[in-house]
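Me: Please take a close look at a single part of this model, the smaller-numbered chain letter, and set it beside its surroundings. A formal, connected account would be welcome.

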Amino acid sequence: MKLVIAYIQPHKLPDVKQELYRREIYKISVTNALGCGQQKGYHESYRGVDEEVNLLKKVRLEIAVNDAYVQPTVEGIIRGARTGEIGDGKIFILPLEECIRIRTGDTGGPAIG
Amino acid sequence: MEPAALRVMLDTFWVLLTGFLVFFMNLGFAMVESGLCRVKNTVNILAKNFVVFAVSSLAYYFLGFGLMYGDGNALFGTQGLLAVVGQDNSPEAGAAYRGVYSALSWTGVPLWAKFFFQLVFCGTAATIVSGAVAERIRFASFIVFSFLICTLIYPVAGHWIWGGGWLAQLGMFDFAGSTVVHSVGGWAALAGILLLGPRIGKYRPDGLAKPIYGHNLSLATLGVFVLWFGWFGFNPGSTMALNAPAIAHIAVVTNMSAAAAAATATLASWLLAGKPDLSMILNGCLAGLVAITAPCAFVSVPSSLAIGAAAGLLVVLAVMGFDRLRIDDPVGALSVHLCNGLFGTLAVGLFAEKRIAAAIGTDAAGLADGLLFGGGLRQLGAQALGAAAVAGFVFSVSLALWALIRAVMGLRVSRSEEIMGLDIGEHGMEAYSGFQTFTNT
């Protein structure tokens with residue numbers, strides 16, 4: 001079992017969802033995030049005072065998958081989120097110790113299912 | 001006090017009070033449009049709505065008013081053009097009037113009361129464009145177009161109908177501006193939308209429309225209540241005199257049309273979309289107000305219910321129809337102002353009754369009974385001709401001006417700016433700093 005975490009451009013979320021759907025990956029959590037990587041920030045100004053904003057709005061995906069689905073998940077995220085420009089985001093893959101479905105008490109692979 | 005002086009004082013009070021109500025409609029438009037668009041474009045929409053009245057004021061003062069109401073030919077005014085400096089002895093009216101703005105000599109109020117009341121109408125026409133082109137137009141380009149519509153487009157079309165021009169001479173009637181204000185704004189907006197194209201993500205490659213949700217329906221509701229309130233200045237104020245039977249009649253007719261339209265829009269959206277969509281109900285109310293604007297002084301209260309009922313249905317069908325045509329209008333401005341401006345103009349030809357105009361004492365010399373009241377096609381023909389002439393003029397000139405602006409300074413923001421939002425791109429600031437907003441659109 002693996003936990004796939006990805007940070008992507010917010011406006012690419014619908015495309016990523018669609019690509020994951022195509023690969024039969026339906027279970028996904030999405031949260032807002034702020035972050036800075038290589039992409040340069042932008043200027044805000046308020047009442048004549050300038051500020052460089054370098055924490056950009058991103059979307060964070062968390063997807064828990066069985067090992068066989070790691071590759072399709074990564075492919076789906078890349079295909080949906082890549083524009084080729086700086087700022088497209090990153091994917092992290094972590095080992096997942098356990099997964100328990102609260103309603104049934106299932107554990108492991110079936111719980112991720 | 002002499003009766004004549006008291007008359008001038010009361011009429012002036014009425015014209016200015018209702019003018020202030022119409023001014024307040026700017027707030028209504030700002031709230032409706034920002035509420036029906038996304039968080040990331042809120043500052044931009046508010047800035048556009050705010051600055052457009054400043055631009056209108058300057059443009060209409062320097063040239064617009066003279067072009068619209070100055071004595072001249074059948075097409076535009078030629079006297080007293082610049083900065084309202086023409087000779088004028090208002091509040092003298094009728095045969096006692098000596099001056100160059102004789103198209104407004106029927107009302108006995110000072111010149112600056114006339115100017116202010118006409119100015120707030122001009123501002124309304126200009127602000128209609130703002131919502132239709134929202135979320136993708138460059139701020140500077142919008143300002144330039146606003147200036148042009150207030151100096152050239154609105155005053156010329158207005159001269160034809162209200163300034164003693166050729167459509168007035170042909171017997172077209174538009175009491176408070178279904179055509180002069182709302183269709184003019186609507187045609188100018190349509191031309192802009194066609195050159196701008198839809199917002200990114202509005203239409204899927206297969207042509208189906210995707211919803212782009214408005215971010216604050218509380219603001220949109222506030223805005224429509226403000227507009228409904230303001231319309232009690234827009235229509236009853238267009239008497240430009242404290243004429244008791246007329247203003248009472250027009251206020252009720254205006255309200256009943258809005259109420260009937262809100263009811264039928266609720267029903268139509270319930271039946272066609274499965275749930276009563278608040279944004280459609282709000283558009284429905286506005287549709288009823290726009291549709292009754294031309295006929296409000298010439299139709300009975302039962303007729304106003306029929307006009308409103310039709311308007312509420314029309315607006316829901318129009319919103320869905322424009323999406324089929326891939327004409328992306330984020331706030332429904334075309335469905336409300338263009339479609340119902342046209343319908344309201346034609347409604348005069350269907351529902352007008354000379355006996356109503358006579359009973360409430362509005363000046364309607366040359367008005368014929370409408371088709372549904374035994375007057376045949378005469379009035380309907382004049383209305384249709386007027387609507388078509390204004391359509392041809394405003395749409396073609398707007399298209400040319402939008403194209404010129406696009407060639408000189410660009411019309412649409414860059415793709416990356418549109419995705420990030422015009423608030424950051426155009427203004428460098430956010431509307432809800434400190435709030436976390438969901439950012440996938």
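Reply: Helices and strands are here DSSP runs, with at least four residues for a helix and at least two for a strand, numbered from the N terminus. The model is a predicted one. On that basis, chain A holds three helices and six strands, and from the N terminus on their order is β-α-β-β-β-β-α-β-α.

The overall dimensions of chain A come next. Its radius of gyration is 17 Å, whereas a compact globule of 113 residues would have one near 13 Å. Taken along the principal axes, the box filled by the C-alpha atoms of chain A is roughly 60 × 30 × 20 Å. Of the 113 residues in chain A, 22% are buried. Among contacts in chain A with a separation of 6 or more, 72% are between residues 24 or more positions apart.

Within chain A, one hairpin deserves detail. Strand S3 (residues 42–46) of chain A runs antiparallel to S4(A), and five bridges join the two. In this pairing A:Ser45 stands opposite A:Asp50 of S4(A). Two residues lie between the strands of the hairpin, where A:Arg47 takes a positive phi near 55°. Strand S4 (residues 49–53) of chain A is hardly covered, for the count of buried residues among its five residues is zero.

The nonpolar cores give the wider setting. In soluble globular proteins, nonpolar side chains tend to be buried together. The largest nonpolar core has 142 residues, and those touching the most other members include B:Ile149, B:Val184, B:Cys285 and B:Phe298. Helix H11 (residues 333–351) of chain B gives the most to this core, with twelve residues. Apart from it lies another core of 13 residues, among them A:Leu13, A:Ile63, A:Ile77 and A:Ala81. Leaving aside neighbours within four places in sequence, B:Ile149 is in contact with B:Ala125, B:Ala126, B:Val129, B:Tyr154 and B:Ala188.

Two helices of chain B complete the surroundings. Helix H6 (residues 178–196) of chain B has 19 residues, which at 1.5 Å a residue should span 27 Å; its end C-alpha atoms are 25 Å apart, so the two values agree. H6(B) is mostly covered, with 17 of its 19 residues buried, and just after H6(B) comes B:Gly197, with a positive phi of about 85°. Helix H8 (residues 244–273) of chain B has 30 residues and reaches 43 Å from its first C-alpha to its last, close to the 44 Å expected at 1.5 Å a residue. B:Gly274 follows H8(B), and its phi is positive, near 95°.

Note on methods: Residues numbered from 1 in each chain as written. Chains lettered and ligands numbered in written order. Predicted model: local features only at pLDDT ≥ 70, side-chain atom pairs only at ≥ 80, totals over all residues. Core = buried A, V, L, I, M, F, W, Y, C linked by C-beta atoms within 7 Å. Buried ≥ 20, exposed ≤ 12 C-beta atoms within 10 Å, placed from the backbone. Contact = placed C-beta atoms within 7 Å. Rg over C-alpha atoms; globule rule 2.2 N^0.38 Å. Expected span 1.5 Å × (residues − 1). Pairing = 2+ DSSP bridges.
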